[in-house]
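Here is a colleague's note to read beside the model. It goes point by point, with residue names so that each place can be found on screen.

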Amino acid sequence: MKFRAPRRIYVEGKSPFFQTLEDQTGLLDDPGSHLIDTSVQALTSPSRSSPHSQGSESSERFSRKVFVGGLPPDIDEDEITASFRRFGQLVVDWPHKAESKSYFPPKGYAFLLFQDESSVQQLIDACIQDDDKLYLCVSSPTIKDKPVQIRPWRLSDADFVLDASMPLDPRKTVFVGGVPRPLKAVELAMIMDRLYGGVCYAGIDTDPELKYPKGAGRVAFSNQQSYIAAISARFVQLQHGDIDKRVEVKPYVLDDQMCDECQGQRCGGKFAPFFCANVTCLQYYCELCWATIHSRPGREFHKPLVKEGAERPRTVPFRWS
């Protein structure tokens, strides 16, 4: 299955080229992934009268979720809220906030979840720029006017096409888990292209509500050689600016493929439930064909990647009958 990338990219929380990683995260372990609990989501949903809820998404440029780092150690949630309330209604959040029941960000950073995207632009306009970084002075009970880093996420940074004339093939696409959230799609594309060559597209997965990076990405290659080189490595060191992190690379799994061995003849035309990510296979199999092919010497230890309906894909042991 191949399709061509459009020359313009429209980013609305997920890639226009591939489905988001919501159903793929079983393949990727990202311990740093921050998921907002439902109570926070309810607070941050835009009101009926807000510009965000009145069809203004086409004019949006930034996620309503903003990272703020380097906070004073003694600043609490209420003081953070008060420091940024002049830009608009917001909720302050940080990883595992509900579970920890702490009033202080444990690692000196937090996320500002604004009601409206226009608040983010106002915040940016008030910042001091140093090179490519933004800062704003914040005070706590013991520290006055401490510069803290403000890191907004620009929506257009979620997708990057190196060459719109190159076909995008999901079977030559990999998932990259644990992607640092400041990393842009263009930077991910350049890193992977430098390492393996043949990159034609890169995307950063974002959550549908706030359109903020979820900590994973995907890269499409134009040739099988580059694709195999990437998944064979299994891990890659992402180095760019202040970023230096080892992340996991795995194949993109589709749920609408016929068995590559029997083309559906042995399974009643049903989609193949198993994908073998071993480089000696890289094929989709029905249950019967998996058993046949993987009973051969050297293949009996291959593990299938499974995706069933809306469930997240996962590696499962195959039970031999």
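**Notes on the predicted model**

1. Pocket lining by class. The residues lining the largest pocket divide into 10 nonpolar, 4 polar and 9 charged. The model is predicted, so please read every value here as computed from it. The lining has 23 residues in total. Nearest the pocket centre are D132, Q149, R151, P182 and K184. The space inside is about 700 Å³.

2. Strands at the pocket. Which strands each supply at least two residues of the lining? They are β6 (133–138) and β7 (146–151). Strand β7 provides the largest share, with 3 residues.

3. Overall make-up. The protein has 7 helices and 18 strands. Of its 321 residues, 49% are buried. Take the contacts with a separation of 6 or more: 67% of them join residues 24 or more positions apart.

4. Largest core. The largest nonpolar core contains 53 residues. Those with the most contacts inside this core are V174, L188, M192, V219 and F221. Helix α5, residues 185–196, contributes the most to the core, with 6 residues. In soluble globular proteins, nonpolar side chains tend to be buried together.

5. M192 in detail. What does M192 touch, leaving out residues up to four places away in sequence? The list is V174, V176, G197, V199, V219, F221, V236 and V249. V174, V219 and F221 also appear among the residues with the most contacts inside the largest core.

6. Second core. A separate nonpolar core has 23 residues. Its members include F62, V120, V148 and I150.

7. I204. This residue sits in strand β11, which spans residues 199–206. Is I204 buried or exposed? I204 is buried, because its relative accessibility is 4%, under the 20% cut-off. Leaving out residues up to four places away in sequence, I204 touches W153, D157, A158, V179, L183, K184, A185, L188, P213, A216, G217 and R218. One of these, V179, is 25 residues from I204 along the chain, and their C-alpha atoms are 8.3 Å apart. Another, K184, is among the residues nearest the centre of the largest pocket. L188 is listed among the residues with the most contacts inside the largest core.

8. Cysteines. The structure has 0 disulfides. A disulfide is a covalent bond between the sulfur atoms of two cysteines. Why does C262 not form one? The closest cysteine sulfur, in C259, is 3.7 Å from the sulfur of C262, and that is too far for a bond. The cut-off for a disulfide is within 2.5 Å. C262 is also buried, at 7% relative accessibility. C200 is buried too, at 0% relative accessibility.

9. Positive phi at H96. Most residues other than glycine have a negative phi. H96 is not a glycine, yet its phi is positive, near 60 degrees. Where is H96? H96 lies in the loop between β3 (90–93) and α3 (97–100). H96 is exposed, because its relative accessible area is 52%, over the 50% cut-off.

10. Positive phi at L282. L282 has a positive phi as well, about 55 degrees, and is not a glycine. L282 lies in the loop between β15 (274–276) and β16 (283–285). Unlike the exposed H96, L282 is buried, with a relative accessible area of 12%. Please look at both loops on screen.

11. V91. Strand β3 holds V91. V91 counts as buried because its relative accessible area is 16%, under the 20% cut-off. V91 and T81 are 10 residues apart in sequence, with 7.1 Å between their C-alpha atoms.

12. G241. This glycine is in the loop between β13 (235–240) and β14 (243–251). G241 is exposed, at 76% relative accessibility. G241 and L183 are 58 residues apart along the chain, and 9.6 Å separates their C-alpha atoms. L183 is also one of the residues that I204 touches.

Key
Residues are numbered from 1 along each chain as its sequence is written. This is a predicted model: local features need pLDDT of at least 70, side-chain atom pairs count only at pLDDT 80 or more; totals for chains, interfaces and linings use all residues. Side-chain values use heavy atoms; hydrogens and water are left out. Buried means under 20% relative accessible area, exposed over 50%, partly exposed in between (1.4 Å probe, protein chains only). A nonpolar core is a set of buried Ala, Val, Leu, Ile, Met, Phe, Trp, Tyr and Cys residues joined through side-chain atoms within 4.5 Å. Helices (H or I, at least four residues) and strands (E, at least two) are DSSP runs, numbered from the N terminus. Contact means heavy atoms within 4.5 Å. On a 1 Å grid over the protein atoms alone, a cavity is a set of points where a 1.4 Å probe fits but cannot get out, and a pocket is an open set with protein on both sides within 12 Å along at least five of seven lines; lining residues have an atom within 4 Å of a point. Grid points are joined across faces, edges and corners, and a volume is the space filled by probe spheres set on the points. Ala, Val, Leu, Ile, Met, Phe, Trp, Tyr, Cys and Pro count as nonpolar, Asp, Glu, Lys and Arg as charged, and the others, Gly among them, as polar.
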